[in-house]
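Visitor: Got a minute to walk me through this one? I'd like to start with a single residue and work outwards.

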Amino acid sequence: MGTLIRNGSAHFEDKNVYASNVMPQKIRPTAEGLSSRSSMTWQSSVYRSIKIVIFSTKLNLLMPFGPLAILVHAFSGHNGWVFFLCLLGITPLAERLGYATEQLAFYTGPTIGGLLNATFGNATELIIGIYALRNGMTRVVQLSLLGSILSNMLLVLGCAFFAGGLVFYRKEQVFDKASATVNSGLLLMAVMGLLFPAVLHFTHTEVHYGKSELALSRFSSCIMLVVYAAYLFFQLNTRKDSYVPLTEGVDPPEDDDEVPEITKFETIVWLSIMTAWISILSEYLVDAIEGASLAWNIPIAFIGVILLPIVGNAAEHASAIMFAMKDKLDISLGVAIGSSTQISMFGIPFCVVVGWIMGEPMDLNFQLFETATLFITVIVVAFFLQEGTSNYFKGLMLILCYMIVAASFFVHEDPSSESQSLSL
């Protein structure tokens with residue numbers, strides 16, 4: 001019996017020893033397994049990121065038109081088609097650029113996120129402007145930047161008010177009047193900066209004809225850049241809640257627990273890819289502007305003020321409407337009005353300084369018709385914002401005002417188009 005017990009215990013101990021030796025080998029991962037698992041994880045992450053960014057919206061069906069524009073330019077050289085295909089190809093890129101910026105805002109906070117949204121939302125216009133300046137097409141730069149301001153203030157903000165008003169038709173949406181007043185003041189200051197060189201030119205009161213206007217424009221641009229830097233400091237340090245909805249502290253929206261869909265590293269990579277691809281298409285777009293104007297018999301002013309900004313503001317359109325439909329109207333104003341402020345106080349002066357460096361006579365004389373249009377637009381929008389409320393009727397009025405502006409530029413003949421060559 002003792003032998004049986006000893007044999008049994010020895011047999012049991014042998015089984016335990018075997019188990020202790022074998023089991024760790026079953027759960028210990030090998031180097032090849034780790035490498036394979038890491039490779040599969042990396043591939044899965046890339047596939048998931050591409051699926052979210054590229055295949056999550058039907059607007060991305062327009063992306064193949066970008067490479068098609070390059071092929072048409074290489075084999076046919078038809079500027080009308082190249083310009084049209086570039087417009088279609090840039091539209092989803094501008095919208096995806098805004099999406100990537102919104103994802104980055106999850107990691108930076110609402111204030112910096114709102115500023116980043118406005119910055120990258122205007123990246124398309126600034127890239128087109130730099131390429132146009134390099135080709136000596138200063139008038140196209142002026143018109144496209146002016147059109148971006150008009151589009152953001154009337155079309156983008158109007159669509160946001162209209163869409164938000166339809167979703168919340170039983171109440172009036174509210175926003176921060178103080179922030180809107182600050183932006184309206186900056187826009188009026190930008191109008192002042194554009195008005196004085198134009199008046200100086202058309203009243204023929206320059207001390208040095210042809211030089212005083214340019215010198216005043218460059219001096220005013222430097223002042224405007226300083227003011228915009230002070231505005232950024234004011235927003236980031238004094239009014240840290242300027243992009244946070246007013247209703248957030250009282251009745252948080254249901255979707256406040258939103259989380260980013262892609263990582264911070266993926267966001268930066270996609271921002272770089274989209275910006276680079278927009279830069280490539282912008283070069284072809286700028287080269288085809290004059291040819292498209294001749295082929296379609298459309299004024300260059302209409303192309304610069306209406307067509308280019310609609311494409312460039314695709315990101316602002318999507319963001320402003322989305323936030324308005326979520327009753328986050330302060331963020332919509334931060335995107336639309338904030339984008340207009342950034343173009344007027346940073347984009348235009350920046351292009352003047354860049355033209356100064358390039359030796360191009362880029363100035364703030366946007367001609368009387370264009371300057372008057374901007375001045376009236378700023379006044380109209382300021383009146384709509386003074387109550388601090390919005391509804392679908394206000395949005396409809398802004399959209400109709402933009403239609404009037406578009407029709408005006410369609411029948412407007414740019415006086416400088418005859419004296420300034422826009423060819424390469």
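Guide: Sure, let's begin with Leu-154. Leaving aside residues up to four places away in sequence, Leu-154 touches Thr-377, Val-381, Leu-398, Ile-399, Cys-401, Tyr-402 and Val-405. Keep in mind that this is a predicted model.

Visitor: Where does Leu-154 lie?

Guide: Leu-154 is in helix α7, which covers residues 138-167.

Visitor: And is Leu-154 buried or exposed?

Guide: Buried: the relative accessibility of Leu-154 is 2%, and the cut-off for buried is under 20%.

Visitor: How far apart are the C-alpha atoms of Leu-154 and Cys-401?

Guide: They are separated by 6.9 Å, with the two positions 247 residues apart along the chain.

Visitor: What about contacts across the protein chain, how much comes from residues 24 or more positions apart?

Guide: Counting contacts with a separation of 6 or more, residues 24 or more positions apart account for 85% in the protein chain.

Visitor: Give me the overall make-up too. How many helices and strands are there?

Guide: The protein chain has 17 helices and two strands. Of its 424 residues, 49% are buried.

Visitor: Back to the helices. At what angle do α15 and α16 pack?

Guide: About 175°, and the axes of α15 and α16 (residues 392-410) are 12 Å apart. That angle makes α15 roughly antiparallel to α16, because anything over 145 degrees counts that way.

Visitor: Which residues make the contact?

Guide: From α15 there are Phe-369, Glu-370, Thr-373, Val-380, Val-381 and Phe-384. From α16 there are Lys-394, Met-397, Leu-398, Cys-401, Val-405, Ser-408 and Phe-409. Val-381, Leu-398, Cys-401 and Val-405 also turn up among the residues that Leu-154 touches.

Visitor: How does the contact of α15 with α16 split by class?

Guide: Nine nonpolar residues, two polar and two charged.

Visitor: What sits in the loop between α14 and α15?

Guide: Asn-365 is one residue there, with α14 running over 329-358 and α15 over 368-385. Asn-365 is buried, at a relative accessible area of 4%.

Visitor: Which residues does Asn-365 touch?

Guide: Setting aside residues up to four places away in sequence, Asn-365 touches Arg-139, Gln-142, Pro-197, Ala-198, His-201, Phe-202, Glu-213 and Ser-217.

Visitor: New topic, cavities. How many of 30 Å³ or more does a search of the whole structure find?

Guide: Three. The largest cavity has a volume of about 60 Å³. It is lined by 10 residues, and the closest to its centre are Ser-179, Ala-180, Asp-330, Leu-333 and Gly-334.

Visitor: Which elements give two or more residues to that lining?

Guide: α8 (177-202) and α14. The most comes from α14, with five residues. By class, the lining of the largest cavity has three nonpolar, five polar and two charged residues.

Visitor: Last thing, backbone oddities. Which residue has a positive phi although it is not a glycine?

Guide: Asn-297 is one, with a phi of about 55°. Asp-327 is another, with a phi of about 65°.

Visitor: Where are Asn-297 and Asp-327?

Guide: Asn-297 is in the loop between α11 (289-296) and α12 (300-312). Asp-327 is in the loop between α13 (314-325) and α14.

Visitor: Buried or exposed, for Asn-297 and for Asp-327?

Guide: Asn-297 is exposed, at 68% relative accessibility, whereas Asp-327 is buried, at 13%.

Definitions and conventions:
Residues numbered from 1 in each chain as written. Predicted model: local features only at pLDDT ≥ 70, side-chain atom pairs only at ≥ 80, totals over all residues. Heavy atoms only, no water. Helix = DSSP H or I, 4+ residues; strand = E, 2+ residues; numbered from the N terminus. Buried < 20%, exposed > 50% of the residue type's maximum accessible area, 1.4 Å probe, protein only. Contact = heavy atoms within 4.5 Å. 1 Å grid on protein atoms, 1.4 Å probe; cavity = no way out; pocket = protein on both sides within 12 Å on 5 of 7 lines; lining within 4 Å. Points joined across faces, edges and corners; volume = space filled by probe spheres on them. Nonpolar A, V, L, I, M, F, W, Y, C, P; charged D, E, K, R; others polar. Axes fitted to C-alpha atoms, helices over the stretch in contact; angles between N-to-C directions. Parallel < 35°, antiparallel > 145°, perpendicular 65-115°, else oblique.
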